[in-house]
Amino acid sequence: MTKRPRTSIDKAVVNVWHREVGQLSTRKFAHRMAASEDLVLRLDIYRKLEKHRGCVNAVSFNLYGDILVSGSDDRRVILWDWEMGRIRLLFHSGHDNNVFQAMIMPYTDDRSIVTCAADGQVRHAQVLERGQVETSLLAKHDGRVHKLAIEPGSPHIFYSCGEDGVVQHFDLRTGTATELFTCHSLNNGRKNFMPNINLNAIAIDPRNPNFFAVAGLDEYARLYDVRKYNLDVSTGFGQPADCFCPSHLIGDVRVGITGLAFSDQSELVVSYKNELIYLFSKDMGLGPNGVQNSPVSVNGHDHSATSSPLKMGGGDEQVGPQVYKGHINCDTVKGVGFFGPRCEYVVSGSDCGRIFIWKKKGGELIRVMEGDEDVVNCIESHPYNSVLASSGIESDIKIWTPKAIERATLPTNIERVCFVILNYIYSLVLYLFVKSI
């Protein structure tokens, strides 16, 4: 008699029984349930938050997850009670152009908010008594500023990166900004050499906040150790501690990086423009110069290989980065992130207006959701619960919770359809590049 494979519902029943008889702690039970694939397959729109008058470029939960902050092309910042659908606070950011990032500093009673925008400014908003808001300019980049990164657990420290290639460090206790370095090209045979790299993304390792990663308009995600700056500002802090890139993309002028994020295991997920998403462990670094000492096997240019990491033959097997495919990232600056209490899933928006969710381990695409009529740029995971917030070209924010009665199934041939579109766009980019030479 063939043994029937255990489904996620079966596992859920077993987990409940283990909890009831004391074989599973309440905390572990909550983690297992929150990471359940069954919940992912039941995600549905819980609520739409509608008040902005332009594209919503930033969504972020506060430390406790009860407040969502958003920023938009309308240059306004809104603090939402997302569960009730109510506006807690709305104010003008003080920016002169589209707001790209808005974040609430932790342990400030939601009264300290930092923002950045297309005008190159990094600003601080303080919520005073009776809901009054005072905004001030902290620093200015020479170009757009897409992302900020808050030091985990700090109500004072955060970083910015801009299209001028500059990374800045902020301390709100003194209101000062320190220019750490300008990100320079590694120039490993890249034809369109740029002395400075326009930066799109920055993220801090939650397990060791001394490390942060930046990425932009070349193929490398660069890892830095801020302690090197603190020890001696004359030691050339602008050199990375490590660099990450799939081997087949080294020297590829057609790609860039739009988003990156750290998992709680210090893994780095990186979303490439005109390409795919890759997950790197710490031991996959290429060193500070981005030079690969030994070959690492990953999917080739035709994207036709499996999405699993590959191993090289021989004595010392080396595993390449995990690959996630199906989405399209060509038009806008898209983020990428993790979902689940222990980062069990990878999530991304897409140019096709959908939200894609993959299993982190193995790269299996398990969920595709209609998130926007045009493009989904932002996906933000709740810090504790199985809740997602998404935004894009439309002026609303969508809150997703596992409330659907029926489990969702993947659209027919979704990976194949997106694969054909991506290959077309990739070929078009190559044609335009060759034509411009």
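Let me begin with what I mean by a ring pair: two rings of Phe, Tyr or Trp, taking the six-membered ring of Trp, whose centres lie within 6.5 Å. In this predicted model, such pairs link Tyr159, Phe181, Phe212 and Tyr224 into a cluster, and a search of the whole structure returns 12 aromatic pairs.

I will go through two of those pairs. In the pair of Tyr46 and Trp82, the ring centres are 6.4 Å apart and the planes stand at 75°, so the arrangement is classed as edge-to-face, for which the angle has to be over 60 degrees. Tyr46 belongs to strand S1, residues 44-50, while Trp82 sits in the loop between strand S4 (76-81) and strand S5 (86-92), so this pair ties together parts that are 36 residues apart in sequence. As for burial, Tyr46 is partly exposed, at a relative accessible area of 32%, whereas Trp82, at 7%, counts as buried.

The other pair is Phe158 with Phe170, where the centres are 4.5 Å apart and the planes are at 5°, so the pair is stacked. Here Phe158 comes from strand S11 (residues 157-162) and Phe170 from strand S12 (residues 166-171), and the two are 12 residues apart. Phe158 is buried at a relative accessible area of 0%, and Phe170 is buried too, at 1%.

Turning to the chain as a whole, it has five helices and 28 strands, and of its 437 residues 53% are buried. Among contacts between residues at least 6 apart in sequence, 51% join residues at least 24 apart. Finally, the accessible surface of the protein chain comes to about 19800 Å², with 49% of that belonging to carbon and sulfur atoms.

Technical notes. Residues are numbered from 1 along each chain as its sequence is written. This is a predicted model: local features need pLDDT of at least 70, side-chain atom pairs count only at pLDDT 80 or more; totals for chains, interfaces and linings use all residues. Side-chain values use heavy atoms; hydrogens and water are left out. Helices (H or I, at least four residues) and strands (E, at least two) are DSSP runs, numbered from the N terminus. Buried means under 20% relative accessible area, exposed over 50%, partly exposed in between (1.4 Å probe, protein chains only). Contact means heavy atoms within 4.5 Å. Accessible areas come from the Shrake-Rupley method with a 1.4 Å probe; for residues, only the protein chains shown count as cover. Rings of Phe, Tyr and Trp (its six-membered ring) pair if their centres lie within 6.5 Å; planes under 30 degrees apart count as stacked, over 60 as edge-to-face and the rest as tilted.
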